[in-house]
Amino acid sequence: MARRKKIYEGKAKILYEGPEPGTIVQYFKDDATAYNAQKKAVIEGKGVLNNRLSEFFMTGLGQIGVPTHFIRRLNMREQLVRSVEIIPLEVIVRNYAAGTMSQRLGLEEGTQLPRPIVEYCYKDDSLGDPLVTEEHIAAFGWASQQDMDDILSLALRVNDFMSGLLLGVGIRLIDFKIEVGRVFEGDFQRLVIADEISPDSCRLWDIETGAKLDKDVFRRDLGNLADAYTEVATRLGVMPKNATPITKPTLIN
Ligand code: 5GP
């Protein structure tokens with residue numbers, strides 16, 4: 001059998017050419033990185049959990065009419081997605097101050113914001129994904145005004161959906177990052193949520209204890225990352241309560 005073609009390998013995922021034109025296979029690795037890949041580790045089972053959780057969030061978004069790139073999960077570590085042209089922005093939505101916003105503005109982590117705040121970072125690892133304004137985005141032509149209106153509306157819809165879903169299982173959505181891609185249909189383009197939505201790209205705090213259930217567990221050495229992600233997956237019903245812990249790397253087909 002011919003080896004499938006690798007299109008791109010990132011820090012947490014590998015993209016392979018999909019079986020049909022316009023599709024891509026997204027493979028979730030166990031690799032964890034933080035601080036622009038200065039800190040690295042392999043966390044057994046992380047890829048499996050993120051594959052399942054991203055499937056869960058993207059499917060739910062699709063059901064309420066928020067377009068995403070997700071087509072279907074293929075196996076434990078892979079999902080079939082639509083090929084998109086990624087807009088070179090990280091779109092961050094914050095409900096509570098944390099991370100770089102706390103550092104930048106001197107706000108205590110966990111301070112509730114007056115309303116959700118959307119920020120944009122230019123996607124460039126070599127620059128450390130710098131914060132940019134809509135002025136930069138327009139001037140450098142990364143997205144049009146119409147795109148920005150659509151991106152803001154998508155980001156806030158994702159925020160409402162995710163906040164409600166997580167609140168229902170005792171988790172506070174502090175902030176998250178999404179990526180948006182363009183899909184071309186004839187002469188028209190449509191924007192869809194792309195990449196992944198998982199505890200790698202969100203801050204999730206237990207409502208009762210404030211315990212962190214996201215990648216900060218790895219970034220800040222707070223415990224076992226796979227246990228934290230398993231807790232999120234179990235509460236959301238993505239993993240059965242008595243499932244055997246994912247401790248062995250899973251081979252791809
Ligand atoms: P901060 O700007 O505070 O570091 O991050 C804000 C939110 O966006 C956090 O939920 C964080 O996990 C997410 N985020 C920011 N940059 C990245 C990134 O490069 N990769 C991932 N996976 N998430 C990011």
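**Entry 1: strands β4 and β5**

I began with strand β4 (residues 31–34) and strand β5 (residues 39–42), which run antiparallel and are joined by four bridges. The model I am reading is a predicted one. Which residue of β5 is the bridge partner of A34? I found that it is K39. I then recorded that β4 and β5 form a hairpin with four residues between them. In the turn of this hairpin, I noted that Y35 has a positive phi of about 50°.

**Entry 2: strands β1 and β2**

I turned to a second hairpin, formed by β1 and β2 with three residues between them. I recorded three bridges between β1 and β2, which pair in the antiparallel sense. I looked up E9 and found it opposite I14 in β2.

In the loop between β1 (6–9) and β2 (13–17) I located K11. Is K11 buried, partly exposed or exposed? I classed K11 as partly exposed, because its relative accessible area is 34%, and the partly exposed class lies between 20% and 50%. I also looked up the separation of K11 and I174: they are 163 residues apart in sequence and 23 Å apart in space, C-alpha to C-alpha.

**Entry 3: R77 and F28**

I placed R77 in the loop between β6 (70–73) and β7 (78–82). I counted R77 as buried because its relative accessibility is 2%, and the cut-off for buried is under 20%. With which side chain does the side chain of R77 make a polar contact? I found the side chain of D30, at 3.0 Å.

I next looked up F28, which lies in strand β3 (residues 23–28). With a relative accessible area of 1%, F28 is buried as well. F28 and R77 are 49 residues apart in sequence, yet I found their C-alpha atoms 5.3 Å apart in space.

**Entry 4: H69 and D195**

I located H69 in the loop between α1 (46–63) and β6. Its relative accessibility is 2%, and I therefore entered H69 as buried. What does the side chain of H69 reach at 3.0 Å? I found that it reaches the backbone oxygen of D195.

D195 is itself in a loop, the one between β13 (188–194) and β14. I entered D195 as buried because its relative accessibility is 14%. Its phi is near 60°, a positive value in a residue other than glycine.

**Entry 5: D129**

I looked up D129 and found a positive phi here too, near 45°, again in a residue other than glycine. The loop that holds D129 runs between β10 (112–122) and β11 (131–132). Is D129 buried or exposed? I recorded D129 as buried, because its relative accessible area is 19% and the class requires a value under 20%.

**Entry 6: helix α4**

I examined helix α4 (residues 145–167), which has 23 residues. From its first C-alpha to its last, α4 reaches 33 Å, close to the 33 Å expected at 1.5 Å a residue. Which residues of α4 are buried? I listed D147, M148, I151, L154, A155, V158, N159, F161, M162 and L166. To read this list I recalled a general rule: an α-helix has 3.6 residues a turn, so residues three or four places apart point the same way.

**Entry 7: the ligand**

I closed with the surroundings of the ligand. Which of the 15 residues around the ligand come nearest? I found R94, T100, D175, R203 and R219.

I then looked up individual distances to oxygen atoms of the ligand. A polar side-chain atom of D175 lies 2.6 Å from a ligand oxygen. For R203, an N or O atom in the side chain is 2.9 Å from an oxygen atom of the ligand. For S201, a polar backbone atom is 3.5 Å from a ligand oxygen.

How much of the ligand's accessible area does the protein cover? I recorded 81% of the 490 Å² that the ligand has on its own. The elements that give two or more residues to the shell are β9 (89–96), α2 (99–105), β12 (171–185) and β14 (202–206). By class, I entered four nonpolar, three polar and eight charged residues in the shell around the ligand.

Definitions and conventions. Residues are numbered from 1 along each chain as its sequence is written. This is a predicted model: local features need pLDDT of at least 70, side-chain atom pairs count only at pLDDT 80 or more; totals for chains, interfaces and linings use all residues. Side-chain values use heavy atoms; hydrogens and water are left out. Two strands pair if DSSP finds at least two bridges between them. A residue is near a molecule or strand if one of its heavy atoms lies within 4 Å of it. A polar contact is a pair of N or O atoms within 3.5 Å; within protein, one must be able to donate a hydrogen and the other to accept it, and residues adjacent in sequence count only if both atoms are side-chain atoms. Accessible areas come from the Shrake-Rupley method with a 1.4 Å probe; for residues, only the protein chains shown count as cover. Ala, Val, Leu, Ile, Met, Phe, Trp, Tyr, Cys and Pro count as nonpolar, Asp, Glu, Lys and Arg as charged, and the others, Gly among them, as polar. The expected span of a helix is 1.5 Å times one less than its number of residues. Buried means under 20% relative accessible area, exposed over 50%, partly exposed in between (1.4 Å probe, protein chains only).
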